[in-house]
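Trainee: Please take one part of this model and examine it closely for me, then set it against the rest of the chain. I would like every cut-off stated as you go.

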Amino acid sequence: MSDTPAVNNGLTVNNDSATGNNPAWQRLESLRPSLPRHIHIQRRDYNQERWYLLQDKSNGRFHRLTPSAWRLISAMNGRNSLTQVLAAAANPQFYESVEEIPTRDDLIHLLQYLHVADLLVCDMPPNTQELFARREQKKQQRWLRLLMNPLTWNIPLGNPDKLLDKLMPVARLLSTRTMGVIWLLVVSYALLQAGNHWTQLTHGQLDRILSPSNLFLLWLTYPFFKILHELGHGLFTKVWGGQVNDCGIVFVVGTPLPYVDASAATGFYAKRQRLMVSAAGMAVELFLAALALLLWVQLSGGFLRDFLYNIILIGGVSTLFFNGNPLMRFDGYHLLTDAWDLPNLATRANQQVSYLLRRYAFGIVGVYSPASSVREAWLLASYSIAAFIYRVFMLFFIILLVANYFPALGLVIGCWLIFFQLVWPGLKALQFLWRDKQLASQRKRAFAVTGITSVVILLFLIVVPLPQSTAVEAVLWLPDEARVKTESSGEVVELLVADGSSVVAGDALVRLQNPTLIAHLEVQRAKLREYDARYQRAWVEDRSQAQMFEQDIAAIKAEVALLQERATNLIVRSPSSGVFRITRAYYLPGSYLKQGDELAIIEKPDAVRVRAALLQDEVGLVSRATDRVSIRFASDPVNVISADAIQSAPIASEQLPNPVLGTQGGGRIAVDGAQAGGTRVKEKVFLLDLALRNYEQSGHFGERAYVKFHHPPEPLAARWYRNLQQVFIRHFS
């Protein structure tokens, strides 16, 4: 949906100027202006404030006018001179206060604005042309926009109005209340299903999403999905009488995405219609994502299930956090501006920050805030700052995203974007300080304030130390020597030691029985006796055959020894000293345990430990500069526990200690999805054991823990430099 913001032409009153001696007025007062016929004006109330919305039907642009400006325009009929226009609009009975009455300066500013917007019809005398120098630059050429941002450029494809006319029956169906109820029921039911299958939707999917084949599938699916998104905007605009005169393709990070110009919806008088046009694209995506989710839960696997998951991801997560984000000038932005009656929010927010700087930082008198109240002023300033921070975040996110797959290209594009999106605006700001006419009397103060602020920010970044920490995930870890496991399969027939008793290494704990194993052992023993007898007989009769029996006897003895060891292991013994604790007592007696099953633990007086997994860019700072360590368990996130490192340095490994730390188990570390178990990592990790202070284990071993390593305070600049080094090492080495 294209963003065509309404332009606010709030007239400012300047009764202090000597308008009677204004040479501009003397050269312009003979003009008899009028507006073109393709102009439509409607009254609009924003937050109980009266405005007039002027629509230019020739190009689809909208302009907001104050009541004073509307009075002036209403008198411009092509016959009245400027003196007559001002006299007709300056009638005191039209206004609540004298300050609202338009002046000659207001009329001159309005004429300038109308001329810039190509909305002024009158014969311009040659000696007045220079008075109408355009206050805004024209739209930059396509090649210049590409130069400024090589990752976003568009190709217009023409007028889609005829196609949308053919789809009007679909538009009328979609705009009915019945369809709205169906949409609400389907999406609500899908949300319930998402809650029921939340673990499947979130755990173990990151690896699959980021696989090269699925990324390519996402790249192909996304544009077609967005076609339906933009079609929703166009159809809802048409069904209420709006015109859609432009469509095309915009390339974002090399991905072709369609767009339609649905700005005609700004002219809809009913707020409900404007909101529905803004939300139509997201509604279409959410509905498709809901249908995909309902089908996804019915499938067990395969290409179709992966494809449906991509649709869920695009229509759900992407729609809400990208299109629905009001900090970007997409659907969420238009919804916010219409719902809160904040037209042209982004431009006015930037103007508010500019006003604050000019008025209070630079001391310029005669500038006015675009806000109509203190509340709106705070809102505009907050929005401008938040949008700038988010824009910078997205800038570096795109750079890292491209660099992750194309390192050289990412470096070039990164330098390009940083220059034109950050450095170039900074240079323009310096040019403003040097040349702006409003700063003529306050230029020294402006340079001083700017310099002092820059130095303070620079010192803050370089000198002021701020707290820092590294957050990783870990598991409640039990050493192997404390785990009681069965070395042979069998049925539990007797507990030889009561739960909670003290034991020493080698004590018998549990007795198992396995009649099949014992019978197999006896068979092999009998077979050994038989082969011994044959060997003795062959030794007397045929020495060559006796040698063959020697080999068979050796093999049978090895098997007997193995079976005897398994039979001996039917008595489960303690691997170490401590307190015997049964972990599966509720079904242990009479149950059948397989070889390797864990049935109990040996609690030791040693401190309970957790095993943390660190990434390569984290291990250096953790090993070099850690003041203290704090841990929280997933089962008790409020309780913070202190801990100490057991070993001096982390140990490199290609295996995670537990699947819960990997992406397949809901953790943060990418694992190899092709390997069973979910513990084989794609990049080497570093394992560090931590001993908990004054903590008695009350949860389950293998429980997820959240570890925070607290480091000495450090300035932001030093951190950014270290992170930049890590980025270059990882992506450009």
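Mentor: What follows looks at one buried helix and the loop after it, and then at other parts of the chain.

This is a predicted model, in which local features need pLDDT of at least 70 and side-chain atom pairs count only at pLDDT 80 or more, whereas totals for chains, interfaces and linings use all residues. Residues are numbered from 1 along each chain as its sequence is written, and side-chain values use heavy atoms, with hydrogens and water left out.

The chain holds 22 helices and 22 strands, these being DSSP runs numbered from the N terminus, with helices (H or I) of at least four residues and strands (E) of at least two. Of its 733 residues, 42% are buried, where buried means under 20% relative accessible area, exposed means over 50%, and partly exposed lies in between, for a 1.4 Å probe and protein chains only. Among the contacts in the chain with a separation of 6 or more, 73% are between residues 24 or more positions apart, a contact being heavy atoms within 4.5 Å.

The part to examine is helix H14 (residues 331-339), which is largely enclosed by the rest of the structure, because seven of its nine residues are buried. Those buried residues are Asp331, Gly332, Tyr333, His334, Leu336, Thr337 and Asp338. Just after H14 comes aspartate 341, in the loop that leads to helix H15 (345-361). Although aspartate 341 is not a glycine, its phi is positive, at about 55°, and with a relative accessible area of 12% this residue is also buried. The loop between H14 and H15 contains asparagine 344 as well, where phi is near 55°, again a positive value in a residue other than glycine. Asparagine 344 has a relative accessible area of 9% and therefore counts as buried.

Elsewhere, helix H4 (residues 104-116) comes within 11 Å of helix H3 (residues 82-89), axis to axis, with a crossing of roughly 115°; axes are lines fitted to C-alpha atoms, for helices over the stretch in contact, and angles run from 0 to 180 degrees between N-to-C directions. That angle makes H3 roughly perpendicular to H4, on a scale where under 35 degrees is roughly parallel, over 145 roughly antiparallel, 65 to 115 roughly perpendicular and the rest oblique. The crossing of H3 and H4 is right-handed, meaning that the near helix is turned clockwise from the far one by less than a right angle, anticlockwise being left-handed. Leu82, Val85 and Leu86 of H3 meet Arg104, Leu107 and Leu111 of H4. By class, this contact has five nonpolar residues, no polar ones and one charged residue, with Ala, Val, Leu, Ile, Met, Phe, Trp, Tyr, Cys and Pro counted as nonpolar, Asp, Glu, Lys and Arg as charged, and the others, Gly among them, as polar.

H4 also meets helix H2 (residues 67-74), the axes coming within 11 Å and crossing at roughly 75°, so that H2 and H4 are roughly perpendicular to each other. Here Ala69, Leu72 and Ile73 of H2 are in contact with Leu107, Leu110 and Leu114 of H4, a set of six nonpolar residues with no polar and no charged ones.

Another helix pair is formed by H12 (residues 271-296) and H13 (residues 303-323), whose axes come within 8 Å and cross at roughly 145°, in a left-handed sense. The residues in contact include Met282, Leu286, Leu293 and Trp296 of H12 and Arg305, Tyr309, Gly315 and Asn323 of H13. By class, the contact of H12 with H13 divides into 14 nonpolar, four polar and two charged residues.

Among the strands, E10 (residues 490-495) contains glutamate 494, which is partly exposed at 34% relative accessibility. Leaving aside residues up to four places away in sequence, glutamate 494 touches Val510 and Arg511, and its C-alpha lies 8.8 Å from that of leucine 509, 15 residues away in sequence.

As for the cysteines, a search of the whole structure finds zero disulfides, each defined as a pair of cysteine sulfur atoms within 2.5 Å. Cysteine 247 is buried, with a relative accessible area of 17%, whereas cysteine 415 is exposed, at 51%.
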